[in-house]
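Have your viewer ready and the sequence panel open. We will go from one selection to the next, with a short note on what to find at each stop.

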Amino acid sequence: MSERSAAAPGASGKDNQHLAPKSDIEISQAAKMRPIIDVARDKLGIPAEHVQPYGHYKGKISLDYISSLDSQADGKLILVTAITPTPAGEGKTTTTVGLTDGLNHIGKKALCCLREPSLGPCFGVKGGAAGGGYAQVVPMEDINLHFTGDFHAIGAANNLLAALIDNHIYWGGEPKIDSRRVAWRRVVDMNDRALRSIVSSLGGVSNGFAREDGFDIT
């Protein structure tokens with residue numbers, strides 16, 4: 001995730017976040033982002049060859065680089081968890097990002113580690129999962145909607161295993177699997193009430209044995 005460089009709200013007028021509040025998306029889109037390669041090098045000391053960019057402002061760190069840090073002393077960990085969000089939406093992520101910004105502001109070398117948002121909550125009542133206000137990570141839309149594609153890859157791998165199970169049942173492979181007791185469900189990265197409980201393999205003999213199935217959120 002790229003470093004955020006948005007100006008803090010001013011003391012009066014339209015820039016005052018209390019008198020004329022801006023939405024999270026307005027603040028996110030107004031932020032001036034730096035290339036992720038520059039952020040990794042200048043802020044964290046990670047060489048460019050160990051950063052795998054996903055566009056200009058997102059990237060992954062190679063496992064080889066992470067393994068090379070084993071001999072270094074561990075840093076300090078602050079765990080932010082089990083916070084009930086306020087009515088304004090200030091919860092774990094907003095607190096974590098704000099705390100990290102504050103530590104960096106006073107000269108500490110800090111970064112935050114957040115879980116990847118799921119499209120289920122993002123399109124539900126909860127909304128986005130990249131923080132809020134001036135305590136958020138950007139590009140907010142990319143992070144909330146697809147990020148680096150990991151959720152899609154995990155979902156495809158999970159559903160491949162589900163297809164293998166049904167294929168095993170269809171061909172009568174060993175060991176025999178009771179189709180009434182299959183616990184492995186398919187997944188999709190969204191809240192889709194209609195897919196929670198379904199009947200799969202309909203449409204004739206060539207499609208296998210009809211059975212109860214369902215989708216979980218990735």
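## A buried pair to begin with

Select Arg211 and Asp166: both residues are buried, meaning under 20% relative accessible area, where exposed is over 50% and partly exposed is in between (1.4 Å probe, protein chains only). Before you zoom in, note that this is a predicted model, in which local features need pLDDT of at least 70 and side-chain atom pairs count only at pLDDT 80 or more, while totals for chains, interfaces and linings use all residues. Residues are numbered from 1 along each chain as its sequence is written, and side-chain values use heavy atoms, with hydrogens and water left out.

Now show the two side chains. Arg211 and Asp166 form a salt bridge, 2.9 Å from N to O; the term stands for a side-chain nitrogen of Lys or Arg within 4 Å of a carboxyl oxygen of Asp or Glu. Arg211 belongs to strand S7 (residues 211-213) and Asp166 to helix H7 (residues 150-170), so the bridge ties together parts that are 45 residues apart in sequence. Helices (H or I, at least four residues) and strands (E, at least two) are DSSP runs, numbered from the N terminus.

## More charged pairs

By that rule, the model has 13 salt bridges. Side chains of opposite charge can pair when their charged atoms come close.

Select Arg181 and Asp178 next. Their closest N and O atoms are 2.6 Å apart, in another salt bridge. Arg181 is exposed, at 62% relative accessible area, whereas Asp178 is partly exposed at 27%.

Then go to Arg185 and Asp216, a salt bridge whose closest N and O atoms are 2.9 Å apart. This pair links distant parts of the chain: Arg185 sits in the loop between H7 and strand S5 (186-188), and Asp216 in strand S8 (residues 215-217), 31 residues away in sequence. Both count as partly exposed, Arg185 with 27% relative accessibility and Asp216 with 36%.

For a group, pick Arg34, Asp38, Arg41 and Asp42, which are joined into one network by salt bridges that share partners.

## A loop and a surface patch

Glu174 is your next selection, in the loop between H7 and S5. Glu174 is exposed, at 61% relative accessibility. Try the distance tool from Glu174 to Gly89: the C-alpha atoms are 52 Å apart in space, and the residues are 85 apart in sequence.

Switch to a surface view and colour Leu160, Leu161, Leu164 and Trp184. They make up a nonpolar patch with about 380 Å² of accessible area together. Leu160 is part of helix H7. Patch members have over 30% relative accessible area and no salt bridge; like charges are joined within 9 Å and nonpolar side chains (Val, Leu, Ile, Met, Phe, Trp, Tyr) within 5 Å. The areas come from the Shrake-Rupley method with a 1.4 Å probe, and for residues only the protein chains shown count as cover.

## Down the axis of H4

Which residues of H4 are buried? Select Thr93, Thr94, Thr96, Val97 and Thr100 to see them. Looking down the axis, you will find these buried residues within an arc of 165°, so they line one face of the helix. The arc is taken from the directions from the helix axis to the C-beta atoms.

## Last stop: two cysteines

How many disulfides does the structure hold? The count is zero, a disulfide being a pair of cysteine sulfur atoms within 2.5 Å. Select Cys112 and you will see why: its closest cysteine sulfur, in Cys113, is 7.9 Å away, too far for a bond. Cys113 is exposed, with 73% relative accessible area.
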